[in-house]
Amino acid sequence: MNPFEMVVLIVAIVTVGRVASAKYGVNIGGGGRKGRRMEAMQAQQVDDVEAARLRAEVTRLNDRIQVLERLATDPAKRLSDEIDALKNQ
């Protein structure tokens, strides 16, 4: 086999491999730096969304704790009056 045939064979093998990987969605070679950067950016976006969701959850739970603390430390008479007022509405 002469060198020209060898080069043509290598190019054909690489081409077939890339077509097959594109068709079946397989990423051969990891995508290089750009692919790793994109994965890192996507992971950061997921982390940001999760952090925002957790902040909202903590805020909601803190609000509930404040209500429960107010109910637990509220004098019985004022609590009873508020319950009666709500019943009469």
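The legends below accompany an overview and several close-up views of a predicted model.

**View 1. Overview of the predicted protein chain, which holds three helices and zero strands.** Read along the sequence, the 89 residues of the protein chain follow the pattern α-α-α. Of these residues, 3% count as buried, and the accessible surface of the protein chain comes to about 8200 Å², with 63% of that area belonging to carbon and sulfur atoms. The mean pLDDT of the protein chain is 82, and 88% of its residues reach 70 or more. Among the elements, helix 1 has the highest mean pLDDT, at 86, whereas helix 3, which covers residues 76-88, has the lowest, at 82. Where pLDDT is low, the predicted coordinates should not be read in detail.

**View 2. Helix 1 from end to end, residues 3-24.** This helix is made of 22 residues, and its end C-alpha atoms are 32 Å apart. Because a rise of 1.5 Å a residue is expected, helix 1 should span 32 Å, and the distance in the model agrees with that expectation.

**View 3. The N-terminal end of helix 1, capped by N2.** N2 is found in the segment before helix 1, and a side-chain oxygen of this residue lies 3.1 Å from the backbone nitrogen of F4. A polar atom of the N2 side chain also lies 2.8 Å from the backbone nitrogen of E5, so that the view can be followed from one residue through its contacts with the backbone of F4 and of E5, given that a polar contact is a pair of N or O atoms within 3.5 Å. With a relative accessible area of 39%, N2 itself is partly exposed.

**View 4. A nonpolar patch on the surface, formed by M1, M6, L9, I10, I13 and V14.** Together these six side chains' residues, M1, M6, L9, I10, I13 and V14, have about 610 Å² of accessible area. One of them, V14, lies in helix 1, and V14 counts as partly exposed because its relative accessibility is 43%, a value that falls between the limits of 20% for buried and 50% for exposed.

**View 5. The salt bridge between E50 and R53 in helix 2.** The structure holds two salt bridges, and in this one the side chains of E50 and R53 meet at 2.8 Å, N to O. Helix 2 covers residues 32-73, and because E50 and R53 are three residues apart in this helix, they are separated by about one helical turn. Both partners retain some accessible area: E50 counts as partly exposed at 35% relative accessibility, and R53 is partly exposed at 46%.

**View 6. The salt bridge between R60 and E57, also in helix 2.** The closest N and O atoms of R60 and E57 are 2.8 Å apart. Since R60 and E57 are three residues apart in helix 2, about one helical turn separates them. R60 counts as partly exposed, with a relative accessibility of 39%, and E57 likewise counts as partly exposed, with a relative accessibility of 30%.

Methods:
Residues numbered from 1 in each chain as written. Predicted model: local features only at pLDDT ≥ 70, side-chain atom pairs only at ≥ 80, totals over all residues. Heavy atoms only, no water. Helix = DSSP H or I, 4+ residues; strand = E, 2+ residues; numbered from the N terminus. Expected span 1.5 Å × (residues − 1). Polar contact = N/O pair within 3.5 Å; in protein donor to acceptor, adjacent residues only side chain to side chain. Salt bridge = Lys/Arg side-chain N within 4 Å of Asp/Glu carboxyl O. Buried < 20%, exposed > 50% of the residue type's maximum accessible area, 1.4 Å probe, protein only. Patch = residues over 30% accessible without salt bridge, like charges linked within 9 Å, V, L, I, M, F, W, Y side chains within 5 Å. Areas by Shrake-Rupley, 256 points an atom, 1.4 Å probe, with all protein chains shown as cover. pLDDT = per-residue confidence, 0-100.
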